[in-house]
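Biologist: I'm new to this one. Can you put it up and walk me through it?

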Amino acid sequence: MTLSSGVINIGPTEQRKRRIAGTTALMVASALLLWLDLSHASRWWRLGALPLWWVAALGFLQARAGTCVMLAARGECRVDGRDPFAPSPADALVLTGRARTIVRRATLVAAIVTLATLAFP
């Protein structure tokens, strides 16, 4: 299945699930930072939000790209209303490369946001 932007391995329903996961992780990370601030915890405890920022970024980036990182690694596609199927070798190569880019960007975003939260007193 393709869209104008290229090959995808998840449909609109799966994209929505990833947006919800990203939003949830974003809210939990924000609540954690607020709680740490209100409890006057050491600034270094804010590092605990790094995995939450990563999950949030990963969810949003996967939804935007229409690519599930895990499905790309397994060589599967799950487009709404269809049974899981294997993409063509060329499409699998595109999806794997896109998945790597998504993971790198999510890691970079999480690191930048974590460093930004550490910068504030």
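Biologist: What share of the residues in the chain is buried?
Modeller: Buried residues are 34% of the 121 in the chain. Buried means under 20% relative accessible area, exposed means over 50%, and partly exposed is in between, with a 1.4 Å probe and protein chains only. This is a predicted model, where local features need pLDDT of at least 70, side-chain atom pairs count only at pLDDT 80 or more, and totals for chains, interfaces and linings use all residues. Residues are numbered from 1 along each chain as its sequence is written, and side-chain values use heavy atoms, with hydrogens and water left out.

Biologist: How many helices and strands does the chain have?
Modeller: Four helices and two strands. The pattern along the sequence is β-β-α-α-α-α. Helices (H or I, at least four residues) and strands (E, at least two) are DSSP runs, numbered from the N terminus.

Biologist: What does the C-alpha trace span along its principal axes?
Modeller: About 55 × 25 × 25 Å.

Biologist: Now helix α1. How many residues does α1 have, and how far does it reach?
Modeller: α1 covers residues 12-38, which is 27 residues. From first C-alpha to last, α1 reaches 39 Å, close to the 39 Å expected. That expected span is 1.5 Å times one less than the number of residues. After α1 comes H40, with a positive phi near 60°.

Biologist: Which residues of α1 are buried?
Modeller: E14, Q15, R18, G22, A25, A29, L33 and L36.

Biologist: What do the buried residues of α1 pack against?
Modeller: Helices α2 (50-65) and α4 (89-119). A contact means heavy atoms within 4.5 Å.

Biologist: R19 is in α1 too. What does R19 touch?
Modeller: G59, F60 and A63, leaving out residues up to four places away in sequence. R19 counts as partly exposed because its relative accessible area is 39%. R19 and A57 are 38 residues apart in sequence, with 9.5 Å from C-alpha to C-alpha.

Biologist: Over to Q62 in α2. Is Q62 buried or exposed?
Modeller: Buried, because its relative accessible area is 8%. Q62 touches I10, R18, T67, C68, V69 and I102, again not counting residues up to four places away in sequence.

Biologist: C68 is on that list. How many disulfides are there in the whole structure?
Modeller: Zero. A disulfide here is a pair of cysteine sulfur atoms within 2.5 Å.

Biologist: Why no bond for C68?
Modeller: Because the closest cysteine sulfur, in C77, is 10 Å from the sulfur of C68, too far for a bond. C68 is buried at 5% relative accessible area. C77 is buried too, at 2%.

Biologist: What about A111 in α4?
Modeller: A111 has 31% relative accessibility, so A111 counts as partly exposed. A111 and L47 are 64 residues apart along the chain, and their C-alpha atoms are separated by 9.5 Å.

Biologist: What share of contacts comes from residues 24 or more positions apart?
Modeller: 76% of the contacts in the chain with a separation of 6 or more.

Biologist: Last topic, charges. How many positive and negative side chains are there?
Modeller: There are 14 positive and 6 negative side chains. Lys and Arg count as positive and Asp and Glu as negative, while His and the chain ends are not counted. The centres of the two sets lie 8 Å apart, placing each charge at NZ of Lys, CZ of Arg, CG of Asp or CD of Glu.
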